[in-house]
Amino acid sequence: MVQFARLLKTMTAATLLSGLPLTVWAQVAAPKPWQLNLGRGVTATSENAYQAHMAVLWVCVAIGLIVFAAMGYAIFKFRKSKGAVAAQFSHNTRAEIIWTTIPVLILVGLAFPATSSLMKMYDTRDSEMTIKVVGYQWMWGYEYLGEGVSFTSRLDRKSEMLRQSGKKVSLADHPDYLLDVDNPLVVPVNTKIRFVITADDVIHSWWVPALGWKQDAVPGIINDAWTQIDTPGIYRGQCAELCGKDHGFMPIVVKAVPKDEYQAWLAERKAAAAPAAPVSTPAAAAAAPEAASEIASTAVASEG
Ligand SMILES: [Cu+2]
């Protein structure tokens, strides 16, 4: 029994030690070849998801170590060649209470941080700007609500040409093959941005892993989500809902830039925006009256 206690102590120490270099495993936003762990992302949402994932991982590691060590110990210690005789009881109320209560407590303990993260994830209040995202077969439409700026974003020409060529594409041909677009979504850093997401034809899903969420784009329905990126950079993603033959060829590129750079870009875009057709669908306008009225008031303002 003393041996077993010592074993447990060693295992606990090993588990704690292995838990220490969490930061060593920190990942940058873009996935690396042979990356094993979940990426850390660049938003509070992705950080929460990462921490929840690591907490669950280490709980599983600890349970795994305890269970397999106890099993190994029992197999070795109570082996037949040592004359061990199996016990014949079939019920033990105390053991049953223990092995029900402990897992319930572990699950409740894990549910608390997960639930609070989920609640934060769905809280789109106090956002400073809104971008409407519309999924099309097979590209994305972006509209900066109230700014009169909208455009479509589709697979870049170089990826398209390489893909049509039928050759085996290497990193040297295109470092961001199938993950680059003609018009990236430009957003300011340190700004809470609300996204309203819908689709025009079939269900798509807007997914940029570094932001820590994905959201379905469903025709006739407006889903919303938010993000706040603190590190300038380029973050890439893809459509994450099988949407037809070119599902794999409608990537997403988010370019997060400092606020003044964003304002300059927006001004340039506004100036260049000879009246481009807004990427509005009747369904979207019906489901988001405040968005529609915002567009209407912008239109009135620009007419007057
Ligand atoms: Cu799609």
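1. Helix α5 is a good place to start in this predicted model. None of its residues is buried: of the 14 residues of α5, the number buried is zero, so the helix lies largely in the open. The helix covers residues 259-272 and reaches 20 Å from its first C-alpha to its last, close to the 20 Å expected at 1.5 Å a residue. As for its surroundings, α5 lies across β4 and β10 (252-257), and runs at about 135° to β4.

2. Those two strands lead us to a sheet. Five strands make up this open sheet, in the order β4-β10-β9-β6-β7, and the pairing is mixed. β4 (185-188) and β7 stand at the edges with a single partner strand each, so one side of each has no neighbour in the sheet. On average, neighbouring strands here are turned by 25° against each other, direction ignored.

3. Within that sheet, have a look at β6, residues 204-208. Is this strand mostly covered or mostly open? It is mostly covered, as four of its five residues are buried. On one side, β6 runs antiparallel to β7 (residues 213-217), and five bridges join the two. You can check the register on W206, which stands opposite Q215 in β7, and on H204, which stands opposite A217 in β7.

4. β6 also has β9 (residues 233-239) as a partner; these strands run antiparallel and are joined by two bridges. Here W207 stands opposite Q238 in β9. Back on the β7 side, the hairpin of β6 and β7 has four residues between the strands, and G212 takes a positive phi near 90° in it.

5. Now for the other sheet. It is open too, with five strands in the order β3-β2-β1-β5-β8 and mixed pairing. Its edges are β3 (149-153) and β8 (223-227), and each has a single partner strand, so one side of each is left without a neighbour in the sheet. From one strand to the next, the twist averages 20°.

6. How enclosed is β2, residues 139-144? Six of the six residues of this strand are buried, so β2 is largely enclosed by the rest of the structure. In a regular strand, side chains alternate between the two faces of the sheet. That pattern can be followed along β2: M139, G141 and E143 point one way, W140, Y142 and Y144 point the other way, and all are buried.

7. The partners of β2 are worth tracing one at a time. β1 and β2 run antiparallel and are joined by six bridges, with a hairpin of two residues linking them. In this pairing, V134 has G141 of β2 as its bridge partner. With β3, β2 pairs in the antiparallel sense over five bridges, and Y144 stands opposite V149 in β3. The hairpin of β2 and β3 has four residues between the strands, and G146 in the turn has a positive phi of about 85°.

8. One last pairing shows where a parallel contribution to this sheet comes from. β1 (residues 129-136) and β5 (residues 193-199) pair in the parallel sense over seven bridges. Along this pair, G135 stands opposite A199 in β5.

How values were computed:
Residues are numbered from 1 along each chain as its sequence is written. This is a predicted model: local features need pLDDT of at least 70, side-chain atom pairs count only at pLDDT 80 or more; totals for chains, interfaces and linings use all residues. Two strands pair if DSSP finds at least two bridges between them. Axes are lines fitted to C-alpha atoms, for helices over the stretch in contact, and angles run from 0 to 180 degrees between N-to-C directions. The expected span of a helix is 1.5 Å times one less than its number of residues. A residue is buried if 20 or more other C-beta atoms lie within 10 Å of its own, exposed if 12 or fewer, and partly exposed in between; C-beta atoms are placed from the backbone. Two residues are in contact if their C-beta atoms, placed from the backbone, lie within 7 Å.
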